[in-house]
Amino acid sequence: GMQLVAHQYPRYFSALANDRVIAANDAQTDPRTREFTELYLKPLNIVSMLDGTLRREGKTCGVLCIEETGLARLWSQEEKNFVASVADLVSQLLIINNLRESEARYRALFDGSGDSVFVVRNQILYDCNQAALAMFGTTREQLLGQTPARFSPEYQPDGQLSSVKATRIMLDALNGATLREEWRHQRLDGAEFDAEVTLNRVTLDGVPCLMASVRDITDRKLAQNALEQSRQQLEHRANHDSLTGLPNRDYLHECAVMRIAHAQFNQRKIAFLLLDLNRFKEVNDTMGHRIGDDLLKLLATRLQSLLETSNAALY
């Protein structure tokens, strides 16, 4: 359970960094190992040490220790070579084990994500999780090996070609930018849907790739559209007469201020025309308000049609 802290054993750690093997025939007096004499070597009667360094990515990550008790031992060259070989083998096994653990963690996160996740390599769909297959209604064989534009309509909502826009976005992401884009996708059956795509550059097996996370935002877009329509309806109701659909008095006041200011700025004149209906009260009194309402709506329709091709506005 002993822990070795580097700054407490500077000579030993310096030797580990510089040598593959530390062969200390007399460990209690060897400059590289005597720092352990009082706390470790003497209490356990250790007289000789043969240590091989375990390395990962060029750095020491552990030590394979062989210790002799009793009489001092003169380590042979064969023993030194053996320890160095075993240390190298253990280092390789540690690397392989770490790769397997990393792969297992990656696969667990990859497959366990609720969003569709793709790996794009050389602008080709290289890998994907189960959620991606369900989202696009396809199999791995049908999806992998295709370009991302294959599962997009020919044009995006902004009018750009999907293939051209996808290539530009992927190149930007490969250059290091983390991108989040809205994208119109197309399932295998031809059905289209809106998604939010996040792209990040990753390196797999030494090859720069893209990790793409795709989230279906159809429900969010529907909610946004419904909210916008509701806002527009409320705004229209606030500024228009409920009977005729024409702009109301509040809207007249608001527009009049803006139009007068615009006319003054451009040194132009503006005119307002007020229309009134003679004896309209008699229509309501003799024929009823329903007929009066129908008359107002008919008049509003006729006046609006007359003004559609002019620059005048009807209030």
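## Helix 9 and its surroundings

Just after helix 9, Gly288 takes a positive phi of about 100°, and this residue is a convenient place to begin a reading of the structure, which is a predicted model. Helix 9 itself runs over residues 280-287, and within that helix Phe280, Val283 and Asn284 are buried. These three residues cover an arc of only 95° around the axis, which puts them on the same side of helix 9. An α-helix has 3.6 residues a turn, so residues three or four places apart point the same way.

On the other side of helix 9, Lys281, Asp285 and Thr286 are exposed. The buried residues of helix 9, for their part, pack against helix 10, which comprises residues 289-307.

## The chain as a whole

The protein chain has 10 helices and 8 strands. Its radius of gyration is 40 Å, whereas a compact globule of 315 residues would have a value near 20 Å. In keeping with a description by principal axes, the C-alpha trace of the protein chain spans about 130 × 45 × 40 Å.

Of the 315 residues in the protein chain, 28% are buried. The chain exposes about 21,000 Å², and carbon and sulfur atoms supply 53% of that area. Among contacts between residues at least 6 apart in sequence, 41% join residues at least 24 apart.

## Helix 1 and its cover

Which residues of helix 1 are buried? They are Tyr12, Ala15 and Leu16. Seen down the axis of helix 1, these buried residues fall within an arc of 100°, so they line one face of the helix.

The cover over the buried residues of helix 1 includes strand 1, strand 2 (46-56) and strand 3 (59-69).

## Salt bridges across the sequence

A search of the whole structure finds 20 salt bridges. One of them joins Asp88 to Arg20, with the closest N and O atoms 2.3 Å apart. Asp88 lies in helix 3 (residues 77-112) and Arg20 in the loop between helix 1 (10-18) and strand 1 (21-24), so the pair ties together parts that are 68 residues apart in sequence. Asp88 counts as partly exposed because its relative accessibility is 36%, and Arg20, at 46%, likewise counts as partly exposed.

A salt bridge also forms between Arg220 and Glu182, where the closest N and O atoms are 3.8 Å apart. This pair links distant parts of the chain, since Arg220 belongs to helix 7 (residues 218-239) and Glu182 to strand 6 (residues 179-186), 38 residues apart. Both partners are partly exposed, Arg220 at 35% relative accessibility and Glu182 at 41%. Arg220 and Glu182 are, moreover, members of a network of salt bridges that links them with Glu196 and Lys221.

## Strand 6: Arg184 and His185

Strand 6 contributes to a further salt bridge, in which the side chains of Asp194 and Arg184 meet at 2.4 Å, N to O. Asp194 is in strand 7 (residues 192-204) and Arg184 in strand 6, and the two are 10 residues apart, so that the pair is described as linking distant parts of the chain. Is each partner buried or partly exposed? With a relative accessibility of 17%, Asp194 falls under the 20% limit and therefore counts as buried, while Arg184, at 23%, counts as partly exposed.

His185 is also found in strand 6, and at 8% relative accessibility this residue counts as buried. Its side chain reaches the backbone oxygen of Phe151 at 3.3 Å. When neighbours within four places in sequence are left aside, His185 is in contact with Phe136, Phe151, Ser152, Pro153, Ala191, Glu192, Phe193, Ala195, Val197 and Val214. Phe151 therefore appears twice in the account of His185, as the residue whose backbone oxygen is reached by the side chain and as a member of the contact list.

Terms used. Residues numbered from 1 in each chain as written. Predicted model: local features only at pLDDT ≥ 70, side-chain atom pairs only at ≥ 80, totals over all residues. Heavy atoms only, no water. Salt bridge = Lys/Arg side-chain N within 4 Å of Asp/Glu carboxyl O. Helix = DSSP H or I, 4+ residues; strand = E, 2+ residues; numbered from the N terminus. Buried < 20%, exposed > 50% of the residue type's maximum accessible area, 1.4 Å probe, protein only. Arc of directions from axis to C-beta. Contact = heavy atoms within 4.5 Å. Polar contact = N/O pair within 3.5 Å; in protein donor to acceptor, adjacent residues only side chain to side chain. Rg over C-alpha atoms; globule rule 2.2 N^0.38 Å. Areas by Shrake-Rupley, 256 points an atom, 1.4 Å probe, with all protein chains shown as cover.
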